Structures are given as C-alpha cells and as structure tokens.
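Welcome! Please take a look at the sequence and structure below, and then we can visit a few spots together.

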Amino acid sequence: MKIYLHFILNIILCLGIEAQPVRILFDSYRLKDGLSNDQVFAIEKDKNGFLWVGTKYGLNRFDGKYFKNFYNNSKDSNSIRDNIIMELYVDRKNQLWIGTRTGVDILDLENYKFKHLHYPQNENRTIRNNEILEIWQDPCSNRIFIGSNKGLFYSDGESNDLMAFPDQSKDKHLHNLSIRSICLDRKNRLWLGTNFGLLCYSFIDSTYKHIYTEINNNESFTDNNVQDVYEDREGNLWVATWGSGIRKYNEIKNTFEDYLNDSAQFKTPIANISLQIAETNIKGEEDLLWIASDNPGFSCFNKTTKKFERYFTLWQDTRYLMLGHSRCLYYDPKDGLWIGGQYGLWQYNPKKQFFDIVNLATTLNPKALNQITDTYVDPLDSSNQTIFFSTWNNSAYEYNFQSKALEDINKKYNLSIISESYIYKIERDKNNDLLIATDRNGLIQCNTTRKPYLNKIFLKNENVSCFYIDNNNAIWAGTENNLFFITPDRSRSEKIILIPKGKESVWSNQVKSICPDRNGNMWISLGNDADLLPVIVCHNITSKKNRYYYNSVDPNSLPIKDEIRNLVCDSHNRMYCASRKGMVTWIADSISPSFRLYTIKDGLCNDFINEIAIDEKDQVWCATLQGLSVYSYAKNTFINYYAKSGLLDNEIRSISYSGNRLFINFWGLLNICDPTQTSMNKDLPLQEISEFRVNNKIYLINNKFIEFGDHVTLQNNQNSIEIDLAALSYTNPDLVTVSYFMEGFDKFWHTGNLRNVSYKLDFGNYVFRFKSCNSDGYCTPTESKLYIHIKAPFWKTSWFFALLSFSAISLFYIYFKLKENQRIRLEKIRMAIARDLHDDIGSNLSNIKLISEMASLKTDTLDKSTYLKISEKTSQVMEYMSDIVWSINPKNDEMTNIIPWIQKYAIQTLEPLDINLKFELEDLPNHLGVRS
C-alpha cells in the first residue's frame with residue numbers, strides 16, 4: 001500500500017513539474033507609470049541593480065519606483081544618438097552598450113555620458129543597414145560583437161570605430177546577412193542567427209558552417225529567418241523563427257524539429273512569429289521555455305509534453321495576462337522574468353504567484369448579493385475538488401473545480417431556504433450530514449448521502465450566525481440573542497445563559513463566534529452592537545460556569561471595547577480574536593490571561609479585521625479592510641498581501657481554512673492558496689544614490705557620480721543639496737520603505753516612501769545615513785553612509801580668525817608703540833625746554849640779579865632801594881621760573897618728588913595762618929603720566 005501511494009505521489013509531483021502555470025500575476029509598467037514609450041524592444045540590468053529599458057522612443061532607467069528617461073537632443077552631441085533603442089547589453093566594465101536604429105552608443109554608468117561609435121568609413125550603409133540587432137561580449141576577451149542588419153562587427157571598447165568581423169569565405173555571410181542573434185554554446189562555438197539560417201562559427205580556425213532548411217514547398221511553414229538562438233540547460237539548441245514557431249536543432253542528424261502552436265487558428269506563419277527564447281531557475285519550470293512572440297503574444301513551451309501555454313490578451317484591464325504581443329525577455333533570479341512588449345514592460349515575479357482565482361460570478365444570479373460568506377471543502381470528495389460556499393442573500397452552492405459544475409444546494413437538496421436569506425456557514429457533522437446556518441431558517445440539517453434527502457430545521461425562529469460541532473457530534477449554535485446546545489442525537493436543544501443578571505442592558509448578547517480550547521472549554525465572543533459592551537465568555541462544559549472578559553478600568557482587561565468578531569485557537573492553546581481595533585491574543589490556560597493587542601504598528605496591514613482563520617501551521621490569517629495579514633507566533637512577525645500581491649481586492653470580508661486550503665472570499669470570486677507555501681521575501685534592497693545635486697545641478701567627483709561611502713567636500717555657497725535615493729527591490733516596490741538621517745542636522749530618523757530629500761546646510765561636517773526595508777519588512781543590516789563637508793566662509797575659518805587676531809594685536813602694538821614714542825618725544829621736548837629755561841633765562845635772570853645787587857652796593861641810599869627791588873623781583877621771577885622748570889622736567893613726574901613739593905607750598909601757605917598741617921599718605925603710583 002505504501003509503495004502504491006508513493007508511486008501515485010511521484011506521478012502527481014511529475015505532473016506538477018511538467019505543467020505550465022495556469023495563471024500568472026503580472027506587474028505592468030506603462031507610459032502612465034513614467035515609461036517613455038509603451039513599445040519595449042530591449043531590457044538589461046546593470047551591476048548596480050538598475051533596470052534599463054529600451055523603447056521605441058527613448059532609453060529608460062528603472063529603480064522599481066521611478067523611471068529616468070534619456071532622449072536624443074539634436075543640439076547636444078553628448079546625448080544618445082537615436083530614440084529608437086533596439087538592443088541593450090552591460091559589459092564586464094559595467095558600461096551600457098546601446099544598439100539603436102542608427103548605430104551603437106556606450107553609456108558610461110559612472111557619469112551617464114554617451115560615447116558614439118562609428119561604422120568603418122568605407123562602409124556605404126543605408127539607414128536600414130545601420131540598425132543594431134544584437135550585442136554580445138566574448139567571455140574570453142574584451143571584444144564586443146555587434147550584429148547589424150548588414151553584417152557582423154566588433155569593438156575593443158576603446159576605439160570610437162567599429163571593425164568589420166573578418167570573413168575569408170566566398171559567400172561573405174558575415175558581411176552581408178542580417179545578424180539577429182549571437183549564442184556561445186558550451187563547446188565554445190559561436191552560433192549566429194541570421195535572416196537566412198544559422199551560422200556556426202569556429203574560433204579555432206575562423207571558419208563557419210551555414211545551416212538552413214531547403215524549402216521545396218511554397219506552403220511550407222519552415223522559415224529560415226532566425227530571430228533568436230538559445231542553448232538550454234541540457235545543451236539543446238533552440239531557434240526562434242519569424243514564421244515557424246520554435247525549432248530544435250539536432251546536430252547529429254543536421255535536422256530541425258518544428259513546434260507550432262497546436263491550436264488550429266494559429267497554424268499559419270503569421271501566427272508563429274517567435275522573437276526570443278528564455279529559461280528561468282524557478283522551481284517547477286525546469287522543462288519550460290518562455291517565448292516572446294509577435295503572435296500569439298507571450299507563451300511558454302513544455303519540452304516534455306510538447307505543448308504551449310499562452311498568456312496574452314487584448315483586454316486592457318487585466319493583471320493575469322499580458323496585453324498584446326511581446327518582443328524581448330530578460331530573466332533575473334531575484335526579480336523573475338521581465339517581458340518587453342507592445343504595451344509596456346511586464347514582470348513575472350515568482351514571489352507573487354501565491355493566490356489562485358476562481359470566478360463564480362458569471363454563473364451566479366447577477367441580480368442578487370453574491371458576497372461569499374463561507375467556504376467549506378466537502379470531506380466526502382476524496383479528490384478534494386468539491387466545495388460548498390454560502391452567499392449573503394443568494395443561497396448556497398456546491399462547486400467542483402475539475403468539472404466546473406455549480407449547483408444551488410437549495411434546489412439540489414430541497415432545503416426550502418427562504419429567498420434572500422443570509423447563509424453564514426456550511427459544514428458536515430460527524431454523520432456527514434450537511435449543516436447550514438441561516439438568518440431566516442435557523443439551522444438546517446440535510447442528509448445528502450442518500451435519497452430522498454432528509455432535512456430538519458433546528459432553532460427555526462432564530463438568526464443562527466455560527467455553530468461548532470464538538471467531538472461528540474453535539475452542536476453549539478450561536479444566535480443573535482443566545483447560545484444553544486443541540487444534543488448529538490438531535491433530540492433536543494438547550495438554551496445556555498451567557499449574560500448574568502443585571503448585565504443585560506450593558507453587555508452585548510449577540511454570539512459572533514464559538515471556539516473550543518485544548519482543555520475542552522468553549523470560548524464565545526459576544527458583540528455586534530455599538531451601544532453594548534463586547535464580551536468574551538469562557539464556558540466550562542463540565543461545571544457549566546462562565547468566566548467573562550471585557551474592557552474595564554483595569555489596564556490588564558480585554559483591550560477592546562468596540563465590536564469583536566470571531567475566535568480561533570492554535571495547537572499551543574493560544575487564543576486569537578478579530579476586532580475592529582486589531583488582533584487580540586492570550587493564553588487560554590490562564591484564568592487571568594494577559595491580553596496582547598496587535599495593530600498596524602506591529603505590522604498588521606489594517607486594524608479593522610473582519611475575520612480570522614488559522615491553518616495547520618498555526619499561522620493566523622487576518623482578513624482586513626486593506627489587505628490580508630498572516631501572523632506567525634514563532635517569528636512574531638506579519639506577512640502582508642495586497643491586490644498587487646495577487647489578491648482580487650484589498651477589502652476582505654470573510655476568510656476560511658478548509659481542506660488544507662485557504663479561501664479568501666469576495667463578491668462571486670475566490671482567492672485560493674496553499675498556506676504552507678508562504679515565505680518571506682528575504683532579498684534586501686540594493687541601496688544606491690540615483691542623483692546627487694548641488695544648487696540644482698548634478699554634482700560629480702572625478703567625473704563620477706556620487707556613491708555611498710564617498711567623501712564630498714563643498715564650498716560654503718554649495719550648501720543646497722538634493723539626494724535622489726534608490727532602494728532597488730522589484731517585488732512590491734511600492735511597499736519598500738526607506739529611512740534616512742542627516743547626522744549633524746536632523747534630530748530624528750525620517751521613514752516612509754519618500755525617495756527625494758533636500759537640505760540647506762550650514763558649514764560643518766555631516767554624515768548622511770540611509771537604510772531600507774523590503775516589502776516584507778526585511779531591512780538592510782547596515783546603513784549606507786555619505787560623508788559631507790561644507791567649507792566655512794573665509795571670515796569664519798580658523799586661519800581668518802588667526803589673521804584677524806594677529807592684525808588686532810599688531811594694531812594695538814603699533815598704537816601703543818606710537819604712544820610710547822610720542823611720550824618719549826614729549827619728554828625730550830620737556831627736558832629741552834626745562835634745560836633751555838634753566839640755562840638761558842635762568843642765567844640771564846641770575847646776571848640781572850647779580851648786577852642789580854652790585855649796583856646797589858655802589859650807589860647811594862636813595863638809588864639803592866631801586867636796585868634792591870630789581871633784585872627782589874628778579875629773585876621772584878627766578879623762583880617762578882624754577883617752578884616752571886621743575887614742572888616741565890619729566891623727572892619730577894614721580895610722586896617722590898611731587899609730595900615734598902606739595903608739602904613745601906602747603907607749609908608756606910598755611911603756617912602763617914596758624915593752621916595745623918598733617919600729611920597722611922597712602923600707597924600711590926610712583927609715576928604719573930602726562931596727557932597731551
């Protein structure tokens with residue numbers, strides 16, 4: 001038996017590997033998103049993580065959030081040479097080679113400067129011949145091979161001129177054919193796809209072999225116009241052709257095996273135009289080739305089943321098919337498959353292929369309210385393909401995924417459900433009877449295993465909103481007003497009083513959910529009335545006693561005082577409750593549990609939770625008004641899913657887990673997924689500086705763009721800076737968050753989706769710190785840093801302060817030196833005056849006095865008095881002159897000479913008046929300066 005099951009399992013796994021994806025959720029980017037043109041011809045990713053997109057009008061650089069566009073400017077010789085971009089290639093130097101309609105350009109990714117390459121001067125080429133169709137670098141050298149509409153060329157990357165690839169053969173195919181594709185196989189042979197078959201070039205002897213199919217029938221689908229050559233992981237060579245679909249080349253037999261689309265409407269050459277082939281490393285896609293084609297648009301080919309699966313549409317409003325035809329493919333292990341097409345850029349990201357969709361709206365009554373309220377996998381179907389689902393007011397249904405059969409169970413089983421009834425829940429009991437909870441018919445029981453169908457109604461006049469079937473097959477049913485217990489034999493029902501007396505007007509009594517814990521207690525949530533307080537009741541089945549939990553002044557009480565929804569319990573006896581304010585969790589074993597409220601701050605996508613479900617891995621799924629959140633207790637983290645992740649809508653009203661599948665219910669539509677396949681996106685964003693501008697101009701260092709880790713020195717008038725940040729993650733890029741902090745300026749971190757920041761900085765040193773988190777909250781472990789130094793203005797520099805200080809000291813020195821020199825000169829003048837007065841006037845006065853005295857001795861008495869008066873007056877003048885000379889003399893500026901002088905005159909003045917004189921002298925400066 002085990003061997004048989006193992007065999008069956010292997011078959012299922014093999015089938016799963018060989019099958020193409022039934023539905024793909026595409027992300028699309030078009031003109032409205034910033035793409036320069038909707039027709040995409042080429043896609044390439046550089047080593048910094050930027051995606052480059054060549055279109056019919058312009059070159060684009062994409063960082064997951066913004067497009068930067070490059071166009072030809074006829075007045076600017078440094079701009080790109082042409083706006084029609086045919087081919088892109090990033091070489092080992094991280095230079096972007098651009099094949100345009102008129103030739104080749106090289107874009108230096110360190111400064112975004114274009115270099116134009118030229119065909120050999122002796123080449124006489126038409127505009128059509130100038131088109132570049134393929135660019136490829138030899139892994140053993142730096143040579144770049146370039147395929148044009150006429151011939152093969154190469155470049156060494158240094159010269160501005162292209163060189164024609166040497167061709168010594170007679171037919172000169174390397175010079176004359178249109179070279180569409182270049183492929184190096186594992187035997188180191190170069191395969192060239194041309195407009196006339198394949199060329200297999202040997203590097204050993206520089207010869208090539210021409211491989212093509214002879215066409216003897218004009219109605220043959222065989223086409224030698226090769227668009228792409230691709231070697232798969234097994235070493236098989238595949239060819240995409242203009243009208244023969246894809247061809248597999250058998251080198252031993254030198255034959256091709258053609259694969260056309262097997263639908264009759266596509267069996268024409270025009271419908272089998274294949275342009276490019278690619279593979280992915282996605283698990284389960286080992287046998288798949290992805291085909292970009294003009295018609296049927298975009299598809300994949302299964303090499304084992306030899307079948308195509310098409311993913312294209314002409315319907316504009318779609319997320320699950322690619323609009324129009326495709327032209328180019330680019331696979332990146334982190335981002336998935338990029339597709340360039342007629343209507344923009346598309347992405348097939350394997351991380352987002354989580355939800356399947358079932359559309360039931362077309363078969364339901366379109367006039368009724370078809371909001372699906374509950375989904376239940378029928379355990380009687382061993383294939384797990386049959387489900388029951390209920391609706392708001394349009395009955396309940398049985399649906400089979402395989403047969404697509406949809407039946408109204410009201411009619412099928414003669415249930416007599418009142419028209420426009422609200423069907424809350426459907427489930428089978430232990431006897432495999434079907435139980436249906438309604439708002440008008442009570443609880444309906446139907447035996448569907450034998451005919452005639454036996455129906456029975458319980459709680460006929462009650463609005464039954466929920467029920468639970470215990471291990472004994474007893475039913476616990478909740479209504480708008482009460483909880484009822486229906487015995488296993490269905491012989492009687494018992495009303496269980498939940499609300500104690502005195503609380504009827506305070507507590508809500510509407511039963512919203514019933515859930516047992518691992519100890520056998522029954523937990524009931526009450527509350528759907530804005531005027532009454534919601535309550536959670538723990539009912540002990542054995543003792544019939546209740547414990548109540550509600551919001552009160554106690555900070556440890558239930559943190560919800562608004563409406564609460566359903567309850568679930570995990571394998572570790574942890575309870576979870578949905579509410580309008582978030583998710584509440586507690587341990588059921590505790591009589592006085594500690595409640596924990598999770599909100600948007602903890603990672604929940606929205607606080608308004610309509611319903612929760614728990615899967616076999618104990619993951620708690622929260623259906624909110626703005627997305628789906630799944631909580632893992634082990635990791636204490638949330639993963640969030642939105643419409644961009646594959647959900648039909650962000651507003652989810654109900655959710656259920658049944659038959660190992662999660663059902664997310666909408667209006668006539670279902671999202672279905674396997675919860676065990678949830679995984680966090682752990683790819684961290686690449687952090688780059690998109691542009692660094694100073695005073696609104698792009699700033700370069702050594703002719704290179706500013707990068708994290710650089711040290712930027714700016715003048716004081718270059719203090720207005722702008723930084724365009726890039727957190728390169730292409731999985732739900734709208735949910736990528738960035739945080740930045742300018743150390744030395746900012747007071748706190750800035751967090752959000754803003755990618756352009758600007759600062760007006762004063763002089764000084766700054767460190768710009770940057771970090772980011774991907775859409776699932778995984779953040780870069782280290783910060784990226786940019787070091788910025790703003791020079792101070794010269795009048796605020798240290799050398800200027802030193803110069804200013806030196807100048808001030810010098811001025812003070814000069815000033816005091818001049819003052820001192822002036823004082824010395826004044827003293828010299830005073831000394832000269834004193835000396836002159838003493839020598840000249842003093843000597844003359846002394847002579848007058850002496851002569852008058854001598855004359856008085858020689859004259860008689862009468863004349864003697866005259867001479868004596870002259871002598872006396874002369875003595876007075878000499879005394880006055882002595883005082884003048886004394887005061888002028890700078891030597892007498894000292895206090896030791898002044899004090900005796902003052903004493904002398906004081907005594908002479910006061911003594912004749914009989915006035916007592918007493919001198920008391922304190923410490924006085926010895927020298928008195930003379931001011932001029």
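## A glutamine and its partners

This is a predicted model. A good place to begin is the backbone oxygen of Asp335, which lies 2.9 Å from a polar atom of the Gln347 side chain. The side chain of Gln347 also has a polar atom 3.3 Å from the backbone oxygen of Tyr730.

Where does Gln347 lie? It is part of strand β30, which covers residues 344-348. With a relative accessible area of 0%, Gln347 is buried. Leaving aside residues up to four places away in sequence, Gln347 touches Leu25, Phe26, Asp27, Tyr29, Asp335, Leu337, Trp338 and Tyr730.

## A cis peptide bond

Next, find Lys451 and Pro452, which are joined by a cis peptide bond with omega at about -5°. Pro452 sits in the loop that runs between β38 (443-447) and β39 (454-458).

## Two positive phi angles

Here is some background for this stop and the one before: most residues other than glycine have a negative phi, and most peptide bonds are trans.

Arg490 is not a glycine, yet its phi is positive, near 65°. You can find Arg490 in the loop between β42 (483-486) and β43 (493-496). Is Arg490 buried or exposed? Arg490 counts as buried, because its relative accessibility is 6% and the cut-off for buried is under 20%.

Asn573, also not a glycine, has a positive phi of about 65°. Its place is the loop between β48 (564-569) and β49 (574-579). Asn573 is buried, with a relative accessible area of 4%.

Technical notes. Residues are numbered from 1 along each chain as its sequence is written. This is a predicted model: local features need pLDDT of at least 70, side-chain atom pairs count only at pLDDT 80 or more; totals for chains, interfaces and linings use all residues. Side-chain values use heavy atoms; hydrogens and water are left out. Helices (H or I, at least four residues) and strands (E, at least two) are DSSP runs, numbered from the N terminus. Buried means under 20% relative accessible area, exposed over 50%, partly exposed in between (1.4 Å probe, protein chains only). A polar contact is a pair of N or O atoms within 3.5 Å; within protein, one must be able to donate a hydrogen and the other to accept it, and residues adjacent in sequence count only if both atoms are side-chain atoms. Contact means heavy atoms within 4.5 Å.
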